[in-house]
Every structure is written in C-alpha cells, then in structure tokens.
Amino acid sequence: MTPQELRAFCLSFNATVEDFPFNPETSVFKVLGKLFALTNLDARPLTVNLKCDPDDAVRLRGEYPGLIIPGYHMNKRHWNTVTADGELPDRLVRELVEDSYDLVVAGLPRAERLRLDRP
C-alpha cells in the first residue's frame, strides 16, 4: 500500500478528517474527533497505528511477527503498529484500518453514531 492509498482509504470513511496535532509530519485520522489511525506518510517503512480488539491484537502480533507489533506510543493492549509497505497483503491492511474505524465509532455516544448513519 502506498502512502497516498493509505491516506485516501482512511479519508474514505464517513465523517473522517485528517489532522496534524503533534507535528506537520504525523497524520492523525479522526472520526468525530476520535483518533482511529496515526501515521507518518513519509516514513519508510510505512507504518500506521490502529485500534484493535485486545484479543485480536495479540493474535495478529503472533501471526505477523515484526510486521504487526504493539502500538508505538499507544496503549499496547488496544493499539497495534502495522507495517503497511507491502509485506502484508493490502487487503489485510484495509481490513485492519476499517476495524479500527468501526471500534472507534462503536465507542461514540449513540446520537453521534446515528448521525454517521444518515446520508
């Protein structure tokens, strides 16, 4: 997955914005103000921090050692750092980004979740 593809995919989700609260290099993708993906699109290898179900996080780290690791500078129980530079299938990276978005949306107040469902 290229940096441009990762950025476009993150922005394709409903009510998503890209923000730069830490520095100009670090893209933070948020849904209704809540972080679901964090990456430096210029870094090599390209990595992205994604929220993950704790059980899935441990399983994925075991299945893809070195490519999916505990979230860098994040809560290690709920976040993974995923290498998105082509060693992992793009399909898997997309699924993990979507799972992260869905987990964050599920944690939003009901009224905000309902707003996302409207066209």
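**Group meeting: sheet, ring cluster and empty space in a predicted model**

Good morning. I begin with the hairpin that β1 and β2 form, in which 6 residues lie between the two strands. I should say at once that this is a predicted model. Strands β1 and β2, the latter covering residues 26–31, run antiparallel and are joined by 4 bridges. Within this pairing, Thr16 has Val31 of β2 as its bridge partner.

Let me place the hairpin in its sheet. The sheet is open and is formed by 6 strands, with antiparallel pairing, in the order β1-β2-β3-β4-β6-β5. Its edge strands are β1, at 16–19, and β5, at 68–70, each of which pairs on one side only. On average, neighbouring strands of the sheet are turned by 25° against each other, direction ignored. Please note one pairing further along the order: β4 and β6, the latter spanning residues 79–83, are antiparallel and share 5 bridges. There, Lys51 stands opposite Trp79 in β6. As a reminder for what follows, side chains in a regular strand alternate between the two faces of the sheet.

I turn now to the aromatic residues. How many aromatic pairs does a search of the whole structure find? The search finds 4. One of them is the edge-to-face pair of Phe9 and Phe13, with 5.1 Å centre to centre and 75° between the planes. Phe9 and Phe13 are both buried. Another is the pair of Phe13 and Tyr101, which is stacked, at 4.6 Å centre to centre and with 20° between the planes. This second pair links distant parts of the chain: Phe13 belongs to the loop between α1 (3–11) and β1, while Tyr101 belongs to helix α3, residues 90–106, and the two are 88 residues apart.

Are these two residues buried or exposed? Phe13 has a relative accessible area of 13% and is therefore buried. Tyr101 has a relative accessibility of 8%, so Tyr101 also counts as buried. Taken as a group, Phe9, Phe13, Phe36 and Tyr101 are linked by ring pairs into a cluster.

My next topic is empty space. Rolling a probe the size of a water molecule over the atoms shows where such space is left. The largest pocket has a volume of about 280 Å³. Its lining consists of Phe22, Thr26, Leu38, Thr39, Asn40, Ala43, Thr47, Asn49, Tyr72, His73, Met74 and Thr81. Which strands supply at least two residues each to this lining? They are β3, residues 34–40, and β4, residues 47–51. Strand β3 gives the most, with 3 residues. By class, the lining of this pocket divides into 5 nonpolar and 7 polar residues, with no charged ones.

Besides the pocket, there is a cavity to report. Searching the whole structure for cavities of 30 Å³ or more yields 1. The largest cavity has a volume of about 30 Å³. Its lining is made up of Leu50, Lys51, Cys52, Leu60, Asn80, Val82 and Leu96. The elements that give two or more residues to this lining are β4 and β6, the strands joined by the 5 bridges I described earlier. Here the classes are 5 nonpolar, 1 polar and 1 charged. Lys51, which I named opposite Trp79, is thus among the residues that line this cavity.

Finally, some remarks on the backbone. Most residues other than glycine have a negative phi, and most peptide bonds are trans. Against that background, I draw attention to three places. The peptide bond from Arg44 to Pro45 is cis, with omega near 0°, and Pro45 lies in the loop between β3 and β4. Leu32, although not a glycine, has a positive phi of about 45°. This residue is in the loop between β2 and β3, and because its relative accessibility is 27%, Leu32 counts as partly exposed. The third place is His73, a residue other than glycine whose phi is positive, near 60°. His73 sits in the loop between β5 and β6. With a relative accessible area of 64%, His73 is exposed, and His73 is also one of the residues that line the largest pocket.

To close, I return to the sheet. Its order is β1-β2-β3-β4-β6-β5; β3 gives the most to the lining of the largest pocket, and β4 and β6 contribute to the lining of the largest cavity. Thank you.

Note on methods
Residues are numbered from 1 along each chain as its sequence is written. This is a predicted model: local features need pLDDT of at least 70, side-chain atom pairs count only at pLDDT 80 or more; totals for chains, interfaces and linings use all residues. Side-chain values use heavy atoms; hydrogens and water are left out. On a 1 Å grid over the protein atoms alone, a cavity is a set of points where a 1.4 Å probe fits but cannot get out, and a pocket is an open set with protein on both sides within 12 Å along at least five of seven lines; lining residues have an atom within 4 Å of a point. Grid points are joined across faces, edges and corners, and a volume is the space filled by probe spheres set on the points. Ala, Val, Leu, Ile, Met, Phe, Trp, Tyr, Cys and Pro count as nonpolar, Asp, Glu, Lys and Arg as charged, and the others, Gly among them, as polar. Two strands pair if DSSP finds at least two bridges between them. Axes are lines fitted to C-alpha atoms, for helices over the stretch in contact, and angles run from 0 to 180 degrees between N-to-C directions. Rings of Phe, Tyr and Trp (its six-membered ring) pair if their centres lie within 6.5 Å; planes under 30 degrees apart count as stacked, over 60 as edge-to-face and the rest as tilted. Buried means under 20% relative accessible area, exposed over 50%, partly exposed in between (1.4 Å probe, protein chains only).
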